[in-house]
Structures are given as C-alpha cells and as structure tokens.
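The following account moves from an open pocket to the enclosed spaces, and then to helix packing and backbone geometry. Please keep the sequence and the coordinates at hand while reading.

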Amino acid sequence: MKNKNNHASGKGSIWSRAFISIFIINLILNLSQFMTTALIPKYAAHLGATATIIGMVTSMFAITALGVRPIVGPTTSYFKKNQLLAVSTGIIILAFICYGLANHITVVVVGRLLHGIGMGFLAPLSLALASDALPESRIASGIGVFSMGQAIATAIGPLLGLELVQTYGYSATFFISAIGTSSVLILSLRLKTKAPERNKTFKISLYNIIAPEVIVPTVIMFFLAGAFSCINSFILIYGAALDVDEIGLFFTSYAIGLLFTRPISGKLSEKYGLSTTIIPGIIIFALSFIVISYSRSLPMFIVAGAISACGYGICQPSIQTLCMKLVSSDRRGVAGNTNYIGVDTGYLITPSLAGFIVSVVQSNGGSEVAGYAIMYQVMTIPILIALAIFLLKRKSLKEKEASSNLSSI
C-alpha cells in the first residue's frame with residue numbers, strides 16, 4: 001500500500017523538516033561510529049591481538065546485529081520509529097562505554113556485541129525514516145543525499161578519532177564518542193513519526209523479518225559489504241606496516257569522493273535508471289582493491305580512497321534505493337532489515353576470512369605487507385560475484401520494480 005502522505009507521494013524538494021532531522025541524526029551517529037570503528041582494529045592490536053583475532057573482533061558486532069534481525073521488522077511495524085531509534089542509540093552509547101573501560105580484548109568483544117544490537121536496529125530504522133520523509137519521485141536523489149551524512153562522517157571521524165587518541169588516549173576517545181552520541185537521544189525523541197497501525201498483536205513471523213522482493217539485492221550487498229568491511233578492518237594496520245604516515249587521509253579521500261559522486265549518481269539513477277550507477281560502481285569498486293594492494297605511499301592510498309568512493313560509495317545507496325523501490329511504503333522497514341541482513345552477514349564472515357588469509361601468507365614466509373596486499377587482491381572475487389548476480393538478475397529486477405508502478409531500473 002502506497003504512502004498517502006502528500007509529501008511522501010508527491011514531487012518537490014527533499015528538504016522537509018523530517019528529512020533534515022533524520023539527516024542530522026544520521027550525521028551525528030555516523031561521526032561517532034567512524035571515530036570508533038577505525039580505532040577498534042588498532043585498539044585490538046594494541047591489546048595484543050593477532051590479525052585473525054583482529055578480524056574476528058571487528059566483525060563480532062555482526063553476530064548480535066544478525067541476532068536481533070528477527071525482531072527488527074516486527075518492532076518497526078509495531079512501535080514508533082523515533083522511540084526505537086532512541087533505544088538503539090542508548091545501546092550504542094553503552095558499547096562506547098565498554099570500549100572506554102576495556103583493558104582486555106574480552107571487554108572489547110562485549111562492546112562489539114552491544115554495538116551490534118544497536119546497529120541491528122539503527123541502520124534499517126534510519127533508512128526507513130529517510131525514505132518515509134522523501135517524495136516517491138525523489139527517493140534515489142534523497143537516499144544519495146541522506147548517505148552524504150555518512151560521507152562527511154567518514155571524512156572527519158577517523159582523523160578526529162586518531163587525533164583524540166594521540167592527545168587523550170583510547171579510553172577518553174571512546175568516552176567522548178559516547179557523550180557526542182548522547183545528543184541523538186534528545187533529537188530522536190523530538191522527531192515526529194506516525195504511530196503504527198496496530199491491527200494485530202505483536203508477532204514475529206518470517207513475513208515481518210524478510211521481504212522476499214529484495215533477496216537478490218540483499219545477496220549482492222552481502223558480497224559488496226563483506227569486501228568493504230576489509231577496508232575498515234585492516235587499512236590502518238596495512239598503512240602502519242608500510243610506515244605510511246597520516247594513513248587516516250584514506251578515509252578523507254574516500255569521503256570527499258562521496259561528496260562529489262553521490263548527488264550526481266542519484267540524479268543519474270532517476271534519469272537513466274539504477275543500472276547506470278550499479279554496474280560501473282561495482283566494477284570501479286573492484287578496481288579500488290587492486291589499487292590498494294599495490295599502494296606503497298600516501299598519495300597512492302589517497303587515490304585508492306577516491307576510487308573506492310566512486311565504487312562502493314555509489315553502488316551501495318543505489319542498491320538500497322532499489323530495495324526501497326521494490327516494496328510498498330509500509331514494508332520499507334522490513335526491506336531495510338532484509339538488506340542489512342546481507343550487510344551484517346558480510347561483515348561477520350569476510351573480515352575473519354581476510355584476517356585468516358593474511359595469517360596464512362605470513363605463516364608461509366610472506367611479509368606482513370605481502371599478506372595484506374594479497375588479501376585485498378583476493379577480495380575482488382566477492383565483488384565480481386556480486387556483479388555477475390546483478391547482471392543475471394537485472395531483467396527480473398526491472399520487471400519487479402515496473403510492476404510496483406515506480407521508476408524503472
């Protein structure tokens with residue numbers, strides 16, 4: 001059933017009060033997120049973890065993120081989204097506090113598990129709230145702009161986190177992140193969202209967990225997100241092994257690339273179809289891993305970051321937009337939840353596999369640098385698998401989207 005809200009169904013500007021509010025919330029949450037996410041691998045290494053353990057710790061949050069998926073869909077259909085957003089934010093704040101108190105890798109793991117619970121709700125909630133605040137005809141552009149909050153946070157967060165660690169240490173940095181995230185609690189409760197229609201009792205069912213219409217995009221995101229997680233998990237350690245100073249500028253380069261490419265990709269998607277951005281985006285994303293594997297200096301990493309932005313930074317919001325377009329407005333929370341099942345599963349499996357590849361290379365006489373370089377080359381395989389799936393299913397996806405009376409792929 002289509003959204004009857006005049007704003008959501010009509011044409012016009014994306015900058016409604018509701019969209020601006022969720023954009024600011026998304027920006028603040030991602031800033032704290034990227035401040036800490038980039039530091040977790042280095043913090044784990046600081047506590048004595050091996051490459052394999054670092055990969056496991058980095059991906060650990062995906063265990064609980066996947067664990068809460070069965071209740072994300074039903075709760076978003078039964079409770080007010082802004083209240084769920086506030087609760088999710090509170091859980092993430094507890095995770096940051098755990099990181100700040102950690103003096104052993106076990107405590108970091110507890111924080112990662114809590115973090116997963118919060119993110120398990122937060123990501124699909126934010127995506128659904130942003131989609132609900134947009135005119136139907138402007139969803140592609142709106143999601144692209146919405147995701148720019150993440151781009152800005154990517155530019156500022158890692159560098160800010162590294163600077164704070166150098167000045168105040170790990171614990172203080174995590175506590176600062178917790179304080180910054182606390183402001184979202186107030187903003188979330190002030191956000192106006194519609195009370196859901198409770199025609200039925202709260203019920204957990206497969207229909208409320210998974211949207212079958214978005215299975216193919218979800219599988220594609222599994223492969224793409226899994227590969228991308230290896231950048232966040234290991235790029236700082238890889239740069240340190242190469243004695244590259246200011247490796248955090250990789251994220252700045254990535255973010256600047258997003259600021260330029262995402263608005264353009266959204267407009268291209270609306271005018272020419274989502275394939276215009278998804279296919280070249282996946283190809284460019286694979287190329288970025290080859291460039292990373294051969295990078296030996298800061299300028300090379302900066303170039304790699306920009307190429308990665310033109311790849312993953314473009315195809316990710318395009319695929320998310322496709323998920324929102326394949327379902328009716330009342331099913332967007334479930335569609336977002338389904339999509340993030342793919343993302344979380346990729347985050348859970350791939351970093352551990354990548355860390356294992358690094359360890360195998362080193363155990364067979366390879367250097368640390370060689371281990372990471374080979375790992376990044378191997379990670380092009382899941383990206384190319386994602387491309388193959390999209391090309392094979394492109395026609396059927398186009399037909400499904402056309403049947404929902406929305407713009408074509």
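Which residues line the second largest pocket? In this predicted model, the lining consists of R17, A18, S21, I24, I25, L187, R190, L191 and K192. Two elements, α2 and α11 (170-190), each give two or more residues to that lining. The largest share, five residues, is contributed by α2. By class, the lining of this pocket holds five nonpolar residues, one polar residue and three charged residues. Its volume is about 300 Å³.

The enclosed spaces come next. There are three cavities of 30 Å³ or more. The largest cavity holds about 650 Å³ of space. It is lined by 36 residues, and those closest to its centre are N30, Q33, M119, Q150 and Y340. The elements that supply two or more lining residues are α2 (17-37), α4 (51-59), α7 (81-101), α8 (105-132), α9 (139-146), α13 (215-241), α16 (298-325) and α17 (332-363). Here, too, α2 provides the largest share, with seven residues. In chemical terms, the lining of the largest cavity comprises 17 nonpolar, 16 polar and three charged residues.

The second largest cavity has a volume of about 50 Å³. Its lining is made up of A140, G144, R262, S265, G266, S269, L274, P317, S318 and T321. Two or more of these residues come from each of α9, α14 (249-272) and α16. The largest share, four residues, belongs to α14. This lining divides into three nonpolar residues, six polar residues and one charged residue.

The helix α9 gives two or more residues to the lining of the largest cavity and likewise to that of the second largest cavity. Why is α9 described as largely enclosed by the rest of the structure? The reason is that eight of its eight residues are buried, a term that denotes under 20% relative accessible area. The buried residues are I139, A140, S141, G142, I143, G144, V145 and F146. Their cover includes α2, α8, α10 (148-168), α14, α16 and α17.

Helix packing may now be considered. Two packed helices are described by the angle between their axes and the distance between the axes. For α4 and α17, the angle is about 170 degrees and the axes lie 7 Å apart. The pair is therefore roughly antiparallel, since the angle required for that description is over 145 degrees. On the α4 side, the contact is formed by A51, T52, G55, M56 and S59, and on the α17 side by Y347, L348, P351, S352, G355, F356, V358 and S359. Seven nonpolar and six polar residues take part in the contact of α4 with α17, and no charged residues do.

The last topic is backbone geometry. Most residues other than glycine have a negative phi. In the loop between α13 and α14, D243 has a positive phi near 60 degrees. D243 counts as exposed because its relative accessibility is 66%, and the cut-off for that class is over 50%. E246 is also found in the loop between α13 and α14, and its phi, near 55 degrees, is likewise positive in a residue other than glycine.

Terms used. Residues numbered from 1 in each chain as written. Predicted model: local features only at pLDDT ≥ 70, side-chain atom pairs only at ≥ 80, totals over all residues. Heavy atoms only, no water. 1 Å grid on protein atoms, 1.4 Å probe; cavity = no way out; pocket = protein on both sides within 12 Å on 5 of 7 lines; lining within 4 Å. Points joined across faces, edges and corners; volume = space filled by probe spheres on them. Nonpolar A, V, L, I, M, F, W, Y, C, P; charged D, E, K, R; others polar. Buried < 20%, exposed > 50% of the residue type's maximum accessible area, 1.4 Å probe, protein only. Contact = heavy atoms within 4.5 Å. Axes fitted to C-alpha atoms, helices over the stretch in contact; angles between N-to-C directions. Parallel < 35°, antiparallel > 145°, perpendicular 65-115°, else oblique.
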